[in-house]
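Could you walk me through this structure in the viewer? I would like to know what to select at each stop, starting with how the helices pack and ending at the ligand.

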Amino acid sequence: MMIIGGGAVGLATAYLAAEAGFRVALVERENVLSGATGFSAGIVTTQLSLEEDVKLAKRTIEILEKVQRTSEVEFMSETGFVTVEPYWMVDESVKVLSSQGVKYEVLDEDGVRGVVPFLSVKDHEKGVYTCMDKVVDLDRLGKAYSRLLRSMGVDVYSRIRINGVLRSGDSVEGLHLDGVGQIRADNLVFAAGPWNKELMSELGIYEVPTVIYKCQVVKVRTTAPCQYVPFYVSENHLYMRRDIGGTSIAGNGYSKVVERVEGAIGPVEAEYVHHIADLLLERVSVPESILVAGGWSGPCSSTYDGMPLIGRVSGTSNCFIVDGLDGYGLMRSAGVAELLLESVVTGREVEWATPSRQMVSKDGTEVVELHSI
Ligand SMILES: Cc1cc2nc3c(=O)[nH]c(=O)nc-3n(C[C@H](O)[C@H](O)[C@H](O)COP(=O)(O)OP(=O)(O)OC[C@H]3O[C@@H](n4cnc5c(N)ncnc54)[C@H](O)[C@@H]3O)c2cc1C
């Protein structure tokens, strides 16, 4: 099996495929985790709106725990996660969590302050706390996967360009790699994240139905207590988590459509920094303790109906894709990789995520945001 892309999804697919007995090679244009995953905020939470997503996030945590144990590289901290939302939304949120056996606790105002001491909570709000959620150190995640893949005999080609494909009828029998030559494979998995669109179109394999977005995060220095549980405030879509060295990362999931993936990568925009600063002023009880210290932007890809693409590409017998993971791809990465592999092995489609479905935006907007409240 040939995997294209060494992000969270490609690495998880390579690991699970090697574990299942496939002979695996992975090709990455730059270095592993240098794409969308490397720009992410590292949050892995089960607090998502759809049952399918909660299941994928829960499974991702289980698989990442195994990767951490087996590789002996510590990359994940069990921080928990708290969502602050109007009390009338809590029943619905916990119903989804209970349906997937996720442990949670509903917190009143004092309870929320117990886990995030500086957060201003409004009278009509409550917190949903999931104690098993994680934060991932992305550099260390890359080290863990690299170590494991090496030990499992996976060939990882880093900083290699794909020059073309070897075709035979409706199957792609391999790739031409710059400086390496031809590599043949029974199955090809396109896990190049937001880059799938350009790459698969250039190779003449598939017009990927995704929209590419620029997502941003702000780095914040704070003298407020730096021990707190990562949180999300649904009213402002504001999320925040602590980072290393007394800094934190904050964002609100606001995203902007871009023509090309490279247009999504760069420093944070001043306008966005002001926006996040305003949200923090409203929500942090000690605003004088907060100092904005930069940030960055990275790419995300979404489909028109908000559901990911997982499975075989129509019109090919052996090309598979994972894409459209929106701003929630790290937390679903290994769960999605496992679903894809099942589909490769059994030939069955993942019905709700099949790339061959008809996709129509539900409300006439470019894409639908389905994953958080
Ligand atoms: C600012 C920001 C914050 C985010 N925060 C979170 C978060 O906290 N939690 C969360 O779950 N998600 C978050 N996300 C979303 C998450 O980063 C993505 O959904 C996820 O990383 C997608 O993983 P991937 O493996 O599909 O893609 P990628 O990580 O992009 O991996 C694709 C890889 O393919 C490589 N590639 C590209 N072209 C080629 C080619 N021609 N040949 C070979 N390789 C190629 C790229 O270099 C890249 O390494 C965030 C995203 C952004 C931008």
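Select H1 and H6 to begin: their crossing is left-handed. Keep in mind as you go that this is a predicted model. The axes of H1 and H6 lie 10 Å apart, and the two helices pack at an angle of about 30 degrees. Angles under 35 degrees count as roughly parallel, so H1 is roughly parallel to H6.

Now leave H6 on screen and add helix H3, residues 51–71. Helix H6 covers residues 138–151, and it packs against H3 at an angle of about 70 degrees, with 9 Å between the axes. The range from 65 to 115 degrees counts as roughly perpendicular, which is why H3 and H6 are described that way. Follow H3 as it passes H6 and you will see a left-handed crossing.

For the next stop, return to H1 and bring up helix H9, residues 333–346. Here the axes are 8 Å apart and the packing angle is about 50 degrees. That makes H1 oblique to H9. Which hand does the crossing of H1 and H9 have? H1 passes H9 in a right-handed crossing.

Time to select the ligand and show what is around it. The shell holds 37 residues, and the closest are Glu-28, Ala-36, Thr-37, Ile-43 and Met-331. Colour the shell by class and you should find 22 nonpolar, 12 polar and 3 charged residues.

Next, turn on the polar contacts of the ligand. Start with Glu-28, where a polar side-chain atom sits 2.6 Å from an oxygen atom of the ligand. Then click on Val-9: one of its backbone N or O atoms is 3.0 Å from a ligand oxygen atom. At Arg-29 the partner is a nitrogen atom of the ligand, 3.1 Å from a backbone N or O atom of the residue. Taken on its own, the ligand has 1,000 Å² of accessible area, and the protein covers 96% of it.

As a last selection, highlight the elements that each give two or more residues to this shell: helix H1 (8–19), helix H2 (36–39), strand E14 (210–222) and strand E20 (290–303). H1 thus brings you back to the start of the tour, where it crosses H6.

Notes
Residues are numbered from 1 along each chain as its sequence is written. This is a predicted model: local features need pLDDT of at least 70, side-chain atom pairs count only at pLDDT 80 or more; totals for chains, interfaces and linings use all residues. Side-chain values use heavy atoms; hydrogens and water are left out. A residue is near a molecule or strand if one of its heavy atoms lies within 4 Å of it. A polar contact is a pair of N or O atoms within 3.5 Å; within protein, one must be able to donate a hydrogen and the other to accept it, and residues adjacent in sequence count only if both atoms are side-chain atoms. Accessible areas come from the Shrake-Rupley method with a 1.4 Å probe; for residues, only the protein chains shown count as cover. Helices (H or I, at least four residues) and strands (E, at least two) are DSSP runs, numbered from the N terminus. Ala, Val, Leu, Ile, Met, Phe, Trp, Tyr, Cys and Pro count as nonpolar, Asp, Glu, Lys and Arg as charged, and the others, Gly among them, as polar. Axes are lines fitted to C-alpha atoms, for helices over the stretch in contact, and angles run from 0 to 180 degrees between N-to-C directions. Angles under 35 degrees count as roughly parallel, over 145 as roughly antiparallel, 65 to 115 as roughly perpendicular and the rest as oblique. A crossing is left-handed if the near helix is turned anticlockwise from the far one by less than a right angle, and right-handed if clockwise.
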